[in-house]
Amino acid sequence: MTLSQLRSSQPVPAVGGGPLLNVQALHVAFPAGGGAIARAVDGISFTIAHGETVCLVGESGCGKSVTALSLLRLVPSPGRIEAGSAIHFNGLDLLTLPDEELRSIRGNRMAMIFQEPMTALNPVLSVGDQIAEVVRVHTKASRRDAWDKAVDMLGQVGIADPATRAKQYPHELSGGMRQRVMIAMALVLEPQFVIADEPTTALDVTIQAQILELLRELRARTGMALLLITHDLGVVAEMASRVIVMYAGQVVEEAPVEALFANASHPYTEGLLAAIPRLGADQARLTTIPGTVPAPTDWPTGCRFRERCAYAYDRCATEAPALVQIGSAHRVRCHLVQEPERRVRREPRA
Amino acid sequence: MTSLAHAERAAGTATVPLLEIKNLTKHFPIRSGLLQRVTGAVKAVDGVSFQIAPGETLALVGESGCGKTTTGRAILRLIEPTSGSIAFNGTDILTLRGESLRRMRRHMQIVFQDPYGSLNPRMTIGAAIREGLIVHQLADGAAADTRVAKLLDEVGLRPEYAARYPHEFSGGQRQRVGIARALAVEPSFIVCDEPVSALDVSVQAQVVNLLRDLQRDRGLAYLFIAHDLAVVAHMADRVAVMYLGRIVELAPRRSLFATPLMPYTQALLSAVPVPDPTSTRTRILLPGEPPSPANPPSGCVFHPRCLHPAKDDACTRLVPPLEEKAPGHFVACLKVNRTSPSTPAPTP
């Protein structure tokens, strides 16, 4: 039985002309100690088209992972997605969808690959059983067909001798192999949309190269859209068609990948690009961004990046910049867009 | 001439090396069965030799399980080596015991990847930095406090932070504390074990710059253990590439990055993602994963994954010696000819 036959019993929501995913004014808050509220994601909006690869970048604590979890309504308690937020997937409002219907989408039409496969996989089930379980939960496949599908999928993600590997448990596999299992589990039902949260961060560089190649190949074959969360701008350059840069819970820049690398406009993006060590650089001194991401319970007034910014001036302290369009699909949240003559370096205060 | 003599010449040092490692080996026993008899060994480090000159940075790179961390710890005798010799300033430190070993440790320090795991959560960072001063009787009382304040300032932290606890700091700040703690006893050599791997790129750049400034100001020598080759390109004078417990290539930084000779190094360099969307570089995708160091392949340990066009039966039988193939450029590969590389190297 082929995969499309397996899934033909599933109701497929109508695909309109709109984007595959449409996130509007997403706010996610966590109660912190002493009545404080951590606004981890503070009003972000973006869309993802069918078949597109979008990278979400930024430092730890800027809200990338919480954004990803929100899309599947998996924000850990006591965090909550606040009223006024909207997430539409194929036109379906995910935030108001009954749990039962949401479950039929998760793992089926929309799937997630986590950074730590060891904690995301069940240690007491063989990896074949775990993949087969996904198939059986979402389709009417028989036990036998689901197992065959799992073995087939393990082969597709490049695991040698998949029939034997399928019977093994997560602890018997290497880190790279476990990540392949996670990918097999996410992709077994050929979802339209896959979220991958730092899928290669824990892996060695030669294994990372294999996994990225695998994701590219699967994307080309299935036409899935991919939201890739990473802090590695090298990975971004190789994978993304579009890039969203987050800082302090907000989108600060968004652009097609070539435009972002050639013409980074937000001082934060500029700083991130300058700070990357490069192979051919030959011991040049690295440019740094002073300080660290502020606490989400206490975002600075005005521009949230101003305390680390080399160009900040008085207006940045008093007025929060809006996200404005500066080119084709290129948006930036910075006052310098209106006052480019202010782009003069000074010693930052941090 | 032995390859070691070459290494001495290649280090370019008429002076005595600060650190000289010869044939360092660490085998961890594998026990099994009811009686827990030793049935095998994990050859974590298998005959590693290199030298480090005063003020030099030698980077040790390779993937998980290649033995780079074990090598770093064995040099400091945080792990007891199985065999080999380690001479520091001409003293064989493997023969040292008790007080003389403790005195030697003052000169050789380590900065760990995860400073949070290496700092006592119940001790203020001031007390943690002071500890070394007290143990080695370098300062006490008010003099120690002054030294702590000066060290904090030197690593870019405010002196009043001495009264705070590790949890009050960010990852980058904790790494600065770890560096201040290593510096307190005024070592001439520091093993940096993945010191920036856990940090965000902006903070990573701050710590890399700090390590380089300190080296310049204090004449420190580093063994810089890392898996991130781009960071190594910014830090190292020379680079040693490890695979399955052995050094497979050792060369000056420029030579290694411009003309890597060993097929493994070529693949490793080509696998690093390039932060340039217009890059058209081709990538060498290695098949499979590194084999287990408990049961390494015969001959050249890399041969099962090697894509060298001239790979043959000899590679599976003969262990290639680490030989000087170009000036200062040592390679353990039977198929790399002296002076000219047999395959065009990728340009990263």
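This is a short tour of a predicted model, with suggestions on what to select and what to look for at each stop.

**Stop 1: the eight-stranded sheet of chain B**

Start by showing chain B as a cartoon and find the open sheet built from eight strands, which runs in the order 6-7-8-3-9-10-12-11 with mixed pairing. Which strands stand at its edges? Select residues 108-111 and 323-326 of chain B: these are strand 6 and strand 11, and each has a single partner strand, so one side of each is left without a neighbour in the sheet. If you look along the sheet, you can follow its twist, which averages 25° from one strand to the next.

Stay with strand 6 of chain B for a moment. Its partner is strand 7 (residues 189-193) of chain B, and the two pair in the parallel sense over four bridges. Select Met108(B) and you will find Phe189(B) of strand 7 standing opposite. Now turn on the side chains of strand 6. In a regular strand, side chains alternate between the two faces of the sheet. Are the faces of strand 6 of chain B covered or open? Both are covered: Met108(B) and Ile110(B) lie on one side, Gln109(B) and Val111(B) on the other, and all four are buried.

Next, move further into the sheet and select residues 57-61 and 221-226 of chain B. These are strand 3 and strand 8, which run parallel and are joined by five bridges. Here Ala59(B) stands opposite Phe224(B) of strand 8.

**Stop 2: a glycine in helix 2 of chain B**

Select Gly72(B), which belongs to helix 2 (residues 68-75) of chain B. Is Gly72(B) buried or exposed? Gly72(B) is buried, because 22 other C-beta atoms lie within 10 Å, and 20 or more is the cut-off for that label. Leaving aside its neighbours within four places in sequence, Gly72(B) is in contact with Leu60(B), Val191(B), Asp193(B), Leu223(B) and Ile225(B). For a distance to try in the viewer, pick the C-alpha atoms of Gly72(B) and Phe189(B): they are 117 residues apart along the chain and separated by 12 Å.

**Stop 3: the four-stranded sheet of chain B**

Chain B also has an open sheet of four strands, in the order 2-1-4-5, with antiparallel pairing. Its edge strands are strand 2 (37-52) and strand 5 (91-92), each pairing on one side only. Select residues 83-88 of chain B to see strand 4, which runs antiparallel to strand 5 and is joined to that strand by two bridges. Within this pair, Ala87(B) stands opposite Asp92(B) of strand 5.

**Stop 4: where the two chains meet**

Now bring both chains into view and give each its own colour. How many residues of chain B are in contact with chain A? There are 35, and they touch 40 residues of chain A. On the chain B side, the elements that give two or more residues are helix 8, helix 9 (229-235), helix 10 (253-258) and helix 11 (263-271). Helix 8 of chain B gives the most, with seven residues. Colour this side by class and you will find 20 nonpolar, nine polar and six charged residues.

Zoom in on helix 12 (residues 267-275) of chain A and helix 8 (residues 201-218) of chain B. Their axes come within 9 Å and cross at roughly 50°, which makes helix 12 of chain A oblique to helix 8 of chain B. The crossing is left-handed. Select Gly271(A), Leu272(A) and Ala275(A) to see them meet Val201(B), Ser202(B) and Ala205(B). By class, this contact has four nonpolar, two polar and no charged residues.

**Stop 5: helices of chain A**

Hide chain B and select residues 127-138 and 175-187 of chain A, which are helix 5 and helix 8; their axes come within 9 Å and cross at roughly 20°. That makes helix 5 of chain A roughly parallel to helix 8 of chain A, and the crossing is right-handed. Val127(A), Gln130(A), Ile131(A) and Val134(A) of helix 5 meet Val181(A), Ala184(A) and Met185(A) of helix 8. The residues of this contact divide into six nonpolar, one polar and no charged.

Finish at helix 2 (residues 64-71) of chain A, which is mostly covered, with seven of its eight residues buried. Among them are Val66(A), Ala68(A) and Leu71(A). Step past the end of helix 2 of chain A to Arg73(A), whose phi is positive, near 55°.

Technical notes
Residues numbered from 1 in each chain as written. Chains lettered and ligands numbered in written order. Predicted model: local features only at pLDDT ≥ 70, side-chain atom pairs only at ≥ 80, totals over all residues. Buried ≥ 20, exposed ≤ 12 C-beta atoms within 10 Å, placed from the backbone. Pairing = 2+ DSSP bridges. Axes fitted to C-alpha atoms, helices over the stretch in contact; angles between N-to-C directions. Parallel < 35°, antiparallel > 145°, perpendicular 65-115°, else oblique. Left-handed = near helix turned anticlockwise from the far one by under 90°. Contact = placed C-beta atoms within 7 Å. Nonpolar A, V, L, I, M, F, W, Y, C, P; charged D, E, K, R; others polar.
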